[in-house]
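Here are my notes on the model you sent over. I went through the cysteines and then the sheet, so have the structure open as you read.

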Amino acid sequence: MARAKTTRTLYAAGDLDYAVPPGETLRELLEEKGMTQRELAERVGLSPKHVNQLIHGLVRLTPEVAESLERVVGTPAKLWNRLEADYQSTRARLRSARDLEQHVGWLKELPVSELVKRKILPEGPSDKISRIDQLLAFFSVASVDVWRDLYEQPAAYAFRKSKVQDSKLGPLATWLRLGEIEAQEMLCGSYDATALRASLPELRALTVLPAQEFRPRLQKICSASGVAVVFTEEVKGARVSGVTRKIGTKRVIQLSQRYRTDDQLWFSFFHEIHHVLNGDDEMRIEIAGRTDTEDPKELEADRFSADTLIPPQHASRLAGLTSKAAVRAFAEEIGIAPGIVIGRLQREHPRRWPYSNGNDLKRKLDLLETQ
């Protein structure tokens with residue numbers, strides 16, 4: 001899969017904990033020249049008070065004053081302008097650091113150690129303010145308040161639609177951001193719903209292939225229709241199986257591979273495909289373990305996935321499958337992986353096919369190793 005080349009470095013802003021005004025350099029220069037502040041004021045046409053304020057950083061050193069200083073003391077105006085810009089930038093950073101102190105509690109919500117272990121955040125500096133700054137850069141947001149605006153509302157929607165209560169916002173937002181970064185790097189064509197729908201038989205046929213073969217082919221087929229499919233390692237505490245959303249002009253499907261079996265992976269994939277084909281541009285987060293959803297869009301997506309994998313004209317024969325050999329033969333006949341058939345039987349015929357029966361027909365997947 002071709003991807004755009006990007007480089008991303010996360011680091012805390014400058015190390016200085018104080019700002020040096022350009023007036024400090026001016027004061028040292030006056031001492032070297034043996035010139036008083038009053039004499040400088042007379043030569044540049046400013047009041048002595050204004051010069052004193054310049055030296056103490058109480059007023060800005062404007063480009064006009066920089067030009068005058070170049071004529072009087074011989075130091076280039078561009079140096080004074082750069083010193084002033086650095087001073088104002090450092091002051092802004094220090095103000096920002098003071099503002100960040102009120103958000104140190106935010107760090108407890110996020111999997112900082114896991115991000116460091118994955119080498120997404122640097123090991124240092126590791127003080128709380130630097131960590132907040134690094135995380136804001138990782139999430140590409142200006143403030144913690146903006147972060148909450150971006151992630152709390154869709155997460156609250158997902159939690160409300162699920163009966164699973166132990167999903168956590170911080171890990172979920174982190175997992176979503178990891179997918180955003182990868183999806184932004186992927187090259188995709190313009191979104192074409194007709195082409196995507198036409199590719200469904202080809203995508204379904206991939207279920208019989210091993211992960212190292214179907215993963216790049218699946219991504220290539222979908223990217224040609226303007227859909228970026230990314231597989232992101234689950235972040236502890238997120239409890240998410242998948243998500244669909246729109247990022248820029250791309251439709252994105254992000255899967256966590258939480259259960260690591262082919263029946264779960266393919267059911268989740270076609271579930272998300274339905275959301276894309278349905279023209280649903282809002283973020284749809286699938287919390288792992290959700291049960292008895294009342295959301296009609298989720299029920300439609302479940303039905304679409306089930307019918308795409310095992311079409312209704314074949315599904316009527318499922319009840320008659322009483323052995324693993326029969327499952328294998330049925331799966332080969334309809335051109336699908338036997339693990340998908342077992343997964344369907346375990347859900348719909350649990351007495352004959354309890355979850356302890358037939359799991360050896362499911363293929364274990366590790367799509368992250370194929371990247």
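1. Is Cys222 buried or exposed? Keep in mind that this is a predicted model. Cys222 counts as buried, with a relative accessibility of 0%. Cys188, on the other hand, is partly exposed, at a relative accessible area of 24%.

2. On to disulfides: searching the whole structure turns up zero of them. Take Cys188: its closest cysteine sulfur is the one in Cys222, and that sits 9.0 Å away, so the pair is too far apart for a bond. The cut-off here is 2.5 Å between the two sulfur atoms. Looking from the other end, Cys222 is in no disulfide either, and its nearest cysteine sulfur is that of Cys188.

3. Now the sheet. It is an open one made of four strands, and if you trace across it you get E1-E3-E2-E4, with mixed pairing. The edges are strand E1 (227-231) and strand E4 (284-287), each of which pairs on one side only. On average, neighbouring strands are turned by 10° against each other, ignoring direction.

4. For a closer look at one pairing, try E2 (residues 240-247) and E4. These two run antiparallel and are joined by four bridges. If you want a spot to zoom in on, Gly242 has Glu286 in E4 as its bridge partner.

5. Finally, there is a helix on this sheet: H13 (residues 262-277) packs there and touches E1, E2, strand E3 (250-255) and E4. The direction of H13 makes about 155° with that of E3.

Definitions and conventions:
Residues are numbered from 1 along each chain as its sequence is written. This is a predicted model: local features need pLDDT of at least 70, side-chain atom pairs count only at pLDDT 80 or more; totals for chains, interfaces and linings use all residues. Side-chain values use heavy atoms; hydrogens and water are left out. Two strands pair if DSSP finds at least two bridges between them. Axes are lines fitted to C-alpha atoms, for helices over the stretch in contact, and angles run from 0 to 180 degrees between N-to-C directions. Contact means heavy atoms within 4.5 Å. Buried means under 20% relative accessible area, exposed over 50%, partly exposed in between (1.4 Å probe, protein chains only).
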